[in-house]
Amino acid sequence: MKLPNNVTVLDHPLINHKIAMLRSAETKTKDFRELVEEITVLLTYEAFRDIPTHTVKVKTPLESCDQQMVPDNAVAVIPVLRAGLGMVSGVHVLFPTAKVGHIGMYRDEETLEPKEYYCKLPDGVENMRAIVLDPMLATGGSACAAIDMLKKRGCKDIRQMSIIAAPEGVEMLAKSHPDVKVYIAVMDRGLNENGYIVPGLGDAGDRLFGTK
Ligand code: PRP
Ligand code: URA
């Protein structure tokens with residue numbers, strides 16, 4: 001598939017190495033959680049590349065200089081429950097002051113349609129860059145619904161950060177929200193008959209929280 005312009009796939013040996021461990025059915029909950037965090041750190045580095053900065057004066061031991069910094073309330077990350085929660089600590093490793101909003105959503109097992117059950121966003125989110133966190137971008141339904149909710153709240157600068165994506169999800173997102181830049185660690189082959197990404201890693205929420 002030809003990638004839409006707004007999609008960045010972080011094709012990098014270190015990420016691919018970690019993805020191999022993440023995919024493995026042998027990987028246990030603790031390691032899975034740590035890998036999700038580590039991959040998110042690497043995604044964050046890329047997704048923050050064009051974050052607006054401001055200039056501050058810094059006095060080094062030798063002289064004063066102008067230096068760029070990211071304002072404290074520049075970014076809100078919005079994990080989609082449950083699996084997006086596993087990515088929050090990875091963002092905070094690099095940018096500890098990122099505010100956190102939560103969107104609760106699950107896929108109906110039959111229709112694969114997203115069902116919303118919770119939304120709590122930081123005050124002033126409409127003036128921040130809002131980064132939706134969800135390790136799995138499968139049909140794209142959950143990502144599109146989460147972004148719809150953010151746009152309804154007035155957000156104008158929205159990004160999506162996912163670890164594994166299917167072409168179907170990337171296409172749907174690019175079509176529904178062409179203004180949203182998408183950062184993914186790896187693109188997979190597609191979806192199986194149950195809407196799971198293949199080869200994928202299985203159910204991200206269950207693997208993160210040990211619920212199966
Ligand atoms: C998973 C995943 C995404 C969604 C992706 O959540 O974390 O939110 O599915 O699928 P889509 O692109 O087809 O919408 P799930 O519904 O399993 O909820 P959970 O994390 O609470 O288990
Ligand atoms: N949600 C998951 O957790 N895994 C998939 O492969 C698809 C949706």
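**Cysteines and a ligand pocket**

Modeller: Let's start with the cysteines: this structure holds 0 disulfides. Please keep in mind that this is a predicted model, where local features need pLDDT of at least 70 and side-chain atom pairs count only at pLDDT 80 or more, while totals for chains, interfaces and linings use all residues. Residues are numbered from 1 along each chain as its sequence is written, chains are lettered from A and ligands numbered from 1 in the order in which they are written, and side-chain values use heavy atoms, leaving out hydrogens and water.

Biologist: Why is C155 not in a bond with C119?

Modeller: A disulfide is a pair of cysteine sulfur atoms within 2.5 Å. The closest cysteine sulfur to that of C155 belongs to C119, and because it is 9.3 Å away, it is too far for a bond.

Biologist: Are C155 and C65 buried or exposed?

Modeller: Buried means under 20% relative accessible area, exposed over 50%, and partly exposed in between (1.4 Å probe, protein chains only). C155 has 5% relative accessibility, so C155 counts as buried. C65, at 28%, is partly exposed.

Biologist: Which polar backbone atoms lie 2.8 Å from ligand 2?

Modeller: A polar contact here is a pair of N or O atoms within 3.5 Å. A backbone N or O atom of I197 is 2.8 Å from an oxygen atom of ligand 2. Polar backbone atoms of G202 and A204 are also 2.8 Å away, from a nitrogen atom of the ligand for G202 and from an oxygen atom for A204.

Biologist: How much of ligand 2 does the protein bury?

Modeller: Taken alone, ligand 2 exposes 240 Å² (Shrake-Rupley method, 1.4 Å probe), and the protein buries 88% of that.

How values were computed:
Polar contact = N/O pair within 3.5 Å; in protein donor to acceptor, adjacent residues only side chain to side chain.
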